Amino acid sequence: MTDLSATALEPEVAPRSTAEERWRALQTVSRGDAVYRLVLTVFALFLPLLLLAIAGDLVVGAWPAIAKFGPSFLVRSIWDPVNDQFGALPLIVGTLYSSFVALLIAVPLSLGTAIFLTEFAPRWLRTPVATMVELLAAVPSVIYGLWGIFVLIPLLRDHLWPIARPVLGHLPLFSGVFYGPSVLAAGVILAIMILPYIAAVSREILLAVPAAQREAGLALGGTRWETVWRVILPYGRAGIIGAVVLGLGRALGETMAVTMVIGNRHEVALSLLQPGYTIASAIANEFAEATSGVHRGTLFLIGLVLFLITVLVNALARFLVWRVARGSSVGSTAL
Amino acid sequence: MTPRRVLRTVVGSLMTGATYGTALLAILPLAAILAMLIVKGAGSLNWDFFVKSAVPLGESGGGFAHAIVGTLIIVALACAVGLPVGVATGIFLAEFGGGRIGFGIRFVADILNGIPSIVIGVFAWSWVVRPMGHFSAVAGGFALAVILVPIVARTTEEMVRLVPNSLREAALALGYPRWRTSLQVVLRTAAAGIVTGCLVAVARVAGETAPLLFTALGNDFFSTRLLAPMAALPLQIYRYAEGPYDDWHRQAWAGALVLILLVLALSLVARAVVRGRRQHA
């Protein structure tokens, strides 16, 4: 012990260097660091520039339509490319409606899955099930659309609807003849597509709940379910809402699968069985063929509306998720 | 046991059972989709599918060679632009991202990540297609690169953060400046993770259709010209699925099977590597 401290205290016999030399050496080091940092910062600043460029581009592109229609664009239902008259109401309603249906289906399923994966599943089952759910997010949109056209729609129309019709057929929500492509089909497809996002983020939120909370709940005599329902879920509430909002953001902007199954009709329909239209689908279908400046401007304008909605929704979701899992990167991989 | 206690236990068991049910329902679509792809797609996969391009309407046969090559070219273009920017941004976020700028850029990356891909397509159209005057593979690659950057940035950040601080400290204690510590020690340690993160991102953009609709446009002929419209696997699947011919539908399923095998293989490999690294870290 004494030996060790003695050697440690022995003054180093280093080659003498002047203060000026040492200062210069330090400066070269920090100059290298400064260059490195600068280069990385320049790359990183691409991202805000990109966001600004996208926003600016949409505003500029939409200008002919903004100038012509003004705010009434958002509440009119006309869509007449021949006479250059446009209104986005059916598109906005269709986008919100199909996403709402999707959330209605996906939220219980994904929350149940997240709870299952963190609380109830046997340990050996957790990784495989989590991986399978996450792989759903890797399936390309166009494949969901293909599956929707040839499997889901026939299933809904020919097998499920004949059974449900006697019960639900008289409701306005299910009125009209069911040909297949519909808000319902789009909602179901969207639900399958956003389920992995909501499940993955809520699972991370539930995992971030401190073990002490769980133990306290059980120690108070709660059953395992009561602990989940009354302790763990309330603790992660903000984050779980954030996960749901993230899923909503995905659903609002989803294009291909929806375009392939929703029927693409410019009308506001209440019935789930009728075709609808969404903002993203309208852009996908009409952009390449839009010839008049106003038509194209209109498509830019609904693109701008979609952009603003998704930016707001995602910012809100980020905020909520951060509140629970501050500083960690929870949810970033699921994006 | 009091009746109330019994009730609570029963409710608990029922709800536990319900979560089993929801998990089952959640993985059912994956199984259903994969099964359909194999049932409907495998039969139409043959040699011609991989070496021939689309045939004129009315003729049967033909294949997806042009679309497969097109996807590879467009994705390669996207990687050439998107990966360096994304990786550099990710390193910035992990190494210097503690302050206000880092917070802001992280936030912007998440916002960019949430922008619908169709909107990115519109953006690419007006920045590349309109100035050039025609649709092109380059425009498609540009659109995919924009989607790639924020995903790669966030996964890279996560991977670099996994490198233990003791490694950084050891290098600094040896007299390395920060930039050499970062490049030669931290990044070398995180390299495998960064590569797999890039693979996941590439797998995701490879399946994108919407941003290519009015950038790369699609092409029924074999083409490797970067400044001309080019076919892509997802575009071809979309066109054939929407078309009225049975032969097209068969080929769409086969194309979808090829696409999903490509995407799932990339994601599974990446996942395995990342999981292994996380356990070591």
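Visitor: How many residues of domain 2 of chain B are in contact with domain 1 of chain B?
Guide: First off, this is a predicted model: local features need pLDDT (the predictor's confidence in each residue, from 0 to 100) of at least 70, side-chain atom pairs count only at pLDDT 80 or more, and totals for chains, interfaces and linings use all residues. Residues are numbered from 1 along each chain as its sequence is written, while chains are lettered from A and ligands numbered from 1 in the order in which they are written. Two residues are in contact if their C-beta atoms, placed from the backbone, lie within 7 Å. On that basis, six residues of domain 1 of chain B meet residues of domain 2 of chain B numbering eight.

Visitor: And how far apart are the C-alpha centres of these two domains of chain B?
Guide: The bounds, from an automatic or database domain assignment, put domain 1 of chain B at 3–44 and domain 2 at 48–280. The side of domain 1 that touches domain 2 has three nonpolar, two polar and one charged residues; Ala, Val, Leu, Ile, Met, Phe, Trp, Tyr, Cys and Pro count as nonpolar, Asp, Glu, Lys and Arg as charged, and the others, Gly among them, as polar. Between the C-alpha centres of the two domains of chain B, the distance is 32 Å.

Visitor: Why is chain B called more spread out than a compact globule?
Guide: Chain B has 10 helices and zero strands, where helices (H or I, at least four residues) and strands (E, at least two) are DSSP runs numbered from the N terminus. Its C-alpha trace spans about 70 × 70 × 35 Å along the principal axes. The globule rule (2.2 Å times the number of residues to the power 0.38, with the radius of gyration taken over C-alpha atoms) gives 19 Å for the 281 residues of chain B, and chain B counts as more spread out because its radius of gyration is well over that, at 24 Å.

Visitor: What is the radius of gyration of chain A?
Guide: Chain A has 12 helices and two strands, with the order α-α-β-β-α-α-α-α-α-α-α-α-α-α from the N terminus. The globule rule gives 20 Å for its 335 residues, and chain A is well over that, so chain A too is more spread out than a compact globule, with a radius of gyration of 28 Å.

Visitor: Which helix of chain B gives the largest share of the side that touches chain A?
Guide: Here 72 residues of chain B are in contact with 72 residues of chain A. On chain B's side, these divide into 50 nonpolar, 15 polar and seven charged. Several helices supply at least two residues each, including α3 (65–96) and α8 (178–206) of chain B. The largest share, 18 residues, comes from α1(B).

Visitor: Is the crossing of α3(A) and α6(A) left-handed or right-handed?
Guide: α3 (residues 89–120) and α6 (residues 183–208) of chain A pack at about 35°, with axes 6 Å apart; axes are lines fitted to C-alpha atoms, for helices over the stretch in contact, and angles run from 0 to 180 degrees between N-to-C directions. Their contact has 23 nonpolar, seven polar and one charged residues. A crossing is left-handed if the near helix is turned anticlockwise from the far one by less than a right angle, and right-handed if clockwise. For α3(A) and α6(A), the crossing is right-handed.

Visitor: What is the mean pLDDT of chain A?
Guide: Over residues 1–8 of chain A the pLDDT is below 50, and that stretch has zero contacts beyond near neighbours in sequence. Residues 327–335 of chain A also stay under 50, though the model has 20 contacts for them beyond four places in sequence. Still, 91% of the residues of chain A reach 70 or more, and the mean is 88.
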